[in-house]
Amino acid sequence: MRGTPAAARVYILCVAVCAALCALPALSPGAETPWGTLGLLTALYLVCELPGRCPFFGSSVPMSAGSFFPLLLAAAFLLPPSAAVLVAVPGALAGRVEQPPATARRIWRAAQLALTVGAASWTHALLSGPATLGGAAGGAVPDLPYALLPACAAALVFSLVPAALDGGILALAERVALRHAWRGAVAGSVGPHLVHALAGLMMAVLWRSSYGPVSALVVLLPMYISCWVFAQYHREHAAHRATIRALVQAVDIKDGYTRGHSERVGRASELIARELGMEESRMEALRFAGILHDVGKLGVPTRVLRKDGPLTPEERRVIELHPEYGHEIVRGIGFLDEARAAILHHHERLDGSGYPYGLAGDRIPEFARVVAVADAFDAMTSTRSYRRGRPVPVAVEELERCAGSQFDPRMVRALARALDRHGWSAAANTVTSDEEPPGLPSQKRAGERTGTAGRPGRPR
């Protein structure tokens with residue numbers, strides 16, 4: 001815990017002491033603790049978390065301590081609060097830790113989960129949840145409709161407690177402002193935890209039935225596999241985002257004058273996609289296309305991108321190659337799908353005078369037509385070193401003037417509707433774009449020389 005701030009160490013110690021105090025009643029002499037159930041649930045949770053530390057599985061097992069919540073919620077339903085506190089501790093201490101300091105993180109995770117499971121169990125018991133599970137007295141039948149209320153209440157507490165505790169550790173260890181530490185934490189977890197609670201309730205009912213824990217184990221395996229698949233999907237999605245982020249950062253390093261432009265073009269492209277009613281998967285691919293539309297600048301010599309003064313004809317031809325460079329850079333990235341076509345064709349014009357291939361009308365891919373509008377819009381609304389950005393209504397009016405010749409009118413209308421509905425906040429920093437709408441002053445840098453008055457999208 002040497003690398004942990006002193007205030008965070010004290011906070012972790014206090015939470016750990018609270019967890020220990022909550023577990024004391026289960027360990028006191030004369031306590032009617034169901035050690036058999038407690039031991040089996042604890043062992044099951046430990047087994048669920050150990051693959052994450054096994055070299056044979058490596059990082060292909062994205063499960064980590066605290067991730068398999070259905071089993072913890074089943075423990076909250078089956079055990080008294082003081083006993084439920086103990087279930088997560090061995091698994092949390094033995095689970096994989098990906099970032100240092102490992103000791104502090106393990107202790108924190110064990111204490112946090114212990115208090116969370118204990119609070120959920122206390123809530124479930126307060127609402128008479130154990131009596132609705134059946135099996136405890138003479139093989140009573142579970143009262144499933146009424147069992148849902150205490151289970152859902154326990155799931156809500158299961159969301160609130162870790163959110164509150166995590167907010168404290170973020171404020172102390174990461175110096176996050178208190179007003180931001182808890183923002184969105186509960187809203188994003190209540191839904192999944194309600195689903196976990198239903199799975200845990202199913203397991204608890206079967207555990208208390210005449211078939212005993214064996215029947216609950218039959219439910220445990222498919223639940224574990226489902227959680228594994230879901231976590232694997234999120235790991236893959238995170239890898240996709242990391243790939244995009246690395247490429248954008250590379251462009252920003254090479255031409256820092258454009259920093260922020262790619263993200264805004266991605267956001268504007270997504271607004272258009274939503275207005276057009278695209279499916280979520282295509283919408284995400286289109287956002288990636290907007291973010292990566294300038295990645296081909298990595299293939300343009302830095303001296304050309306940053307050159308002050310007029311470009312030579314040869315330098316103009318080099319600048320015009322950046323869509324093809326970009327297409328080659330992302331050719332092997334399978335998840336980009338339609339985004340590759342947008343990167344290649346976002347400088348085509350509806351009248352056929354664009355580049356690199358002079359496509360016209362519907363021959364231009366739909367994604368490219370969206371990104372072209374988003375790119376031009378951000379160029380007009382962004383502030384540059386030699387002029388302030390245009391107001392949004394003026395930029396939209398300019399897009400509408402060029403609709404039909406340069407831009408797809410359907411995409412322009414979609415952006416206008418989206419802006420009316422959601423608004424737009426352009427960054428105040430000086431930025432640039434490779435797509436300069438008509439009527440703007442002469443450009444100052446080579447990195448911007450892909451637009452000209454009256455003929456945006458063509459180098460000067």
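Seven residues need naming at the start for helix α20: Met411, Val412, Ala414, Leu415, Ala416, Ala418 and Leu419 are buried in it, where buried means under 20% relative accessible area, exposed over 50% and partly exposed in between, with a 1.4 Å probe and protein chains only. Helices here (H or I, at least four residues) and strands (E, at least two) are DSSP runs, numbered from the N terminus. The model is a predicted one, in which local features need pLDDT of at least 70 and side-chain atom pairs count only at pLDDT 80 or more, while totals for chains, interfaces and linings use all residues. Residues are numbered from 1 along each chain as its sequence is written, and side-chain values use heavy atoms, with hydrogens and water left out.

The buried residues of α20 pack against α12, α18 and α19, with contact taken as heavy atoms within 4.5 Å. As for its length, the 14 residues of α20 should span 20 Å at 1.5 Å a residue, and its end C-alpha atoms are indeed 20 Å apart; the expected span is 1.5 Å times one less than the number of residues. Its partner α12 (residues 261-276) has 16 residues and runs 23 Å from first C-alpha to last, close to the 22 Å expected. The buried residues of α12 include His261, Arg264 and Glu275, along with Val265, Leu271 and Ile272. Just after α12, Gly277 takes a positive phi of about 75 degrees.

Zooming out, the protein comes to 20 helices and zero strands. Of its 460 residues, 49% are buried. Among contacts with a separation of 6 or more, 69% are between residues 24 or more positions apart.

Salt bridges (a side-chain nitrogen of Lys or Arg within 4 Å of a carboxyl oxygen of Asp or Glu) number 16 in the structure. One of them joins Glu366 and Arg410 at 3.0 Å, N to O. That pair links distant parts of the chain, with Glu366 in helix α18 (residues 366-381) and Arg410 in helix α20 (residues 409-422), 44 residues apart. Arg410 counts as partly exposed because its relative accessibility is 36%. Glu366 and Arg410 also belong to a network of salt bridges with Arg282 and Glu338.

Another bridge brings together the side chains of Arg303 and Glu315 (3.7 Å, N to O). Arg303 lies in helix α14 (residues 302-305) and Glu315 in helix α15 (residues 313-320), so the bridge ties together parts that are twelve residues apart in sequence. The two ends sit in rather unlike settings: Arg303 counts as exposed at 60% relative accessibility, whereas Glu315 counts as buried at 11%.

A bridge within a single helix is found in α19 (residues 392-402), where Arg401 and Glu398 are three residues apart, about one turn of the helix. The closest N and O atoms of Arg401 and Glu398 are 2.9 Å apart. An α-helix has 3.6 residues a turn, so residues three or four places apart point the same way. Even so, Arg401 is exposed, with a relative accessible area of 53%, while Glu398 counts as buried at 12%.

Then there are the hollow spots. On a 1 Å grid over the protein atoms alone, a cavity is a set of points where a 1.4 Å probe fits but cannot get out, and a pocket is an open set with protein on both sides within 12 Å along at least five of seven lines; lining residues have an atom within 4 Å of a point. Grid points are joined across faces, edges and corners, and a volume is the space filled by probe spheres set on the points. The whole structure has two cavities of 30 Å³ or more, and the largest has a volume of about 40 Å³. Its lining includes Glu348, Arg349, Ile364, Ala368 and Phe407. By class, the lining divides into five nonpolar, one polar and four charged residues, taking Ala, Val, Leu, Ile, Met, Phe, Trp, Tyr, Cys and Pro as nonpolar, Asp, Glu, Lys and Arg as charged, and the others, Gly among them, as polar.

Ile364 and Ala368 turn up again around His345: leaving aside neighbours within four places in sequence, His345 is in contact with Tyr357, Leu359, Ile364, Pro365 and Ala368. His345 lies in helix α17 (residues 339-345) and is buried, with a relative accessible area of 10%.

The second largest pocket has a volume of about 200 Å³. Two or more of its lining residues come from each of α11 (213-254) and α13 (280-292), and α13 gives the most, with five. Among the lining residues are Tyr233, His237, Phe288 and Phe335, as well as Arg282 and Glu338, both of which take part in the salt-bridge network. The lining has four nonpolar, three polar and five charged residues.
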